[in-house]
Amino acid sequence: MKELKDLVRANIFALKPYSCARSEFKGQASVFLDANENPMNGPYNRYPDPLQLSLKEKIAKIKGVRPSQIMLGNGSDEPIDLIIRIFCEPKRDNIVAIDPTYGMYEVCADVNDVEYRKVQLNADFDLDSAKLLASVDANTKVIFLCSPNNPTGNLLNRNEMRKVLDSFDGIVVIDEAYVDFSSQPTWLAELDKFPRLIVLHTFSKAWGLASVRCGMAFASEDIIGYFNKVKYPYNINLLTQNFVSEQLDNEAKKKEWVSMILAERKRMIDELGKTPIVKAVYPTDANFVLVKVDDADTIYNTLMQRGVIVRNRNKITLCKGCLRITIGTKAENDTLLADLRAM
């Protein structure tokens, strides 16, 4: 296996990170005159902890990892971008990902001028590891696997994913944004077994904190060290750190929400399957369901005119004729079902 330093861009390996006031002094003091802060309007006049250590302690206990294995970002999109910036040399290296999948992987690759190679899933929206690995070459630095996948909703075959982890000599990112709605275990327990694995989680879905913008990347201490080297020093503000910390104290409420969504998901799958204009309801382990309908564009536009917004995936690979429907409240779901039945 390649050394991690051989995967990291040479300029990033040599980078001397910015040293902020709160990284040079850690601890308690009675007088802070080191960061050119306004002495009034505490506590918001002070720069926040750049490494969010207190919040990471709480997250570590819930996730079953070490605090040193956590990087927090502005949503999951920040660590996705940082992964590419750390490991991929523009105009030379490439990324391999499944297709269809979450669109930000490709956007971040394009922003960073890194080639993005798509490997189409099979007809069941599942992964063929041999086909994926056949797209890898000496300049492939990162593979992105989203499981449960977006927009398809299904888990990728775990054995096929393991083959990728066992065979690929670079960074494998498993995006588990929807793992709380899945019956299968997270890959977090295998971080120590696969030192080039990065697992992404989010507070946007099960925790109901999409507007707060706080994502999590879990990896080896060495990889987290590179994240901390490259990220902006105060990327998670104090309001976000404090609010997320308070939410973590109420994990029971999050579990209650997940249970409600899972019950509604089951009901929606059953009811959508009985709806004449729905031709197929695909298996899902997420908080949404992908359905194939008679005329996706017309149905999408009709729903929109009635104030019901779903996601039109008609032009996405393998998703022709499909709408992606998020599981809402019972009342919201009933409104959607009534509108579909009336068409």
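Select D34 to begin: it sits in the loop between α3 and α4 (53–63), with helices (H or I, at least four residues) and strands (E, at least two) taken as DSSP runs numbered from the N terminus. At 37% relative accessibility D34 counts as partly exposed, given that buried means under 20% relative accessible area, exposed over 50%, and partly exposed in between (1.4 Å probe, protein chains only). Keep D34 selected and add D128: the two are 94 residues apart in sequence and 55 Å apart in space, C-alpha to C-alpha.

Before moving on, note that this is a predicted model, in which local features need pLDDT of at least 70 and side-chain atom pairs count only at pLDDT 80 or more, while totals for chains, interfaces and linings use all residues. Residues are numbered from 1 along each chain as its sequence is written, and side-chain values use heavy atoms, with hydrogens and water left out.

**The largest pocket**

Next, select R22, S23, P48, D49 and P50. Of the 27 residues that line the largest pocket, these lie nearest its centre. A pocket here is an open set of points on a 1 Å grid over the protein atoms alone, with protein on both sides within 12 Å along at least five of seven lines; lining residues have an atom within 4 Å of a point. The space in this pocket is about 730 Å³, where a volume is the space filled by probe spheres set on the points, and grid points are joined across faces, edges and corners.

Now colour α3 (21–24), α9 (221–230) and α10 (238–248), each of which supplies at least two residues of this lining. Which helix gives the most to the lining? That is α9, with 3 residues. By class the lining has 15 nonpolar, 5 polar and 7 charged residues; Ala, Val, Leu, Ile, Met, Phe, Trp, Tyr, Cys and Pro count as nonpolar, Asp, Glu, Lys and Arg as charged, and the others, Gly among them, as polar.

**The second largest pocket**

Move to the second largest pocket, with a volume of about 510 Å³. T101, Y102, G103, N150 and R324 are the closest to its centre among the 27 residues that line it. Show β2 (94–99), α6 (104–111) and β3 (115–120) as well, since each supplies at least two residues of the lining. The lining of this second largest pocket divides into 10 nonpolar, 7 polar and 10 charged residues.

**The cavity**

For an enclosed space, select M1, L165, F168, G170, V172, F194, P195, R196 and L197, which line the largest cavity. A cavity is a set of grid points where a 1.4 Å probe fits but cannot get out. The count comes to 1 cavity of 30 Å³ or more, and the largest holds about 50 Å³ of space. Its lining has 7 nonpolar residues, 1 polar and 1 charged.

**Helix α13**

Now pick residues 330–341, helix α13: its 12 residues should span 16 Å at 1.5 Å a residue, and its end C-alpha atoms are 16 Å apart, which agrees. (The expected span is 1.5 Å times one less than the number of residues.) The buried residues of α13 are N333, L336, L337, D339 and L340. They cover an arc of only 165° around the axis, so they are on the same side of α13; the arc is that of the directions from the helix axis to the C-beta atoms.

**The cysteines**

Finish with the cysteines. How many disulfides does the structure hold? There are 0 disulfides, a disulfide being a pair of cysteine sulfur atoms within 2.5 Å. C108 is in no disulfide, and the nearest cysteine sulfur, that of C88, is 11 Å away. At 5% relative accessibility, C108 counts as buried. C322 has its closest cysteine sulfur in C319, at 5.1 Å, too far for a bond; at 0% relative accessibility, C322 counts as buried.
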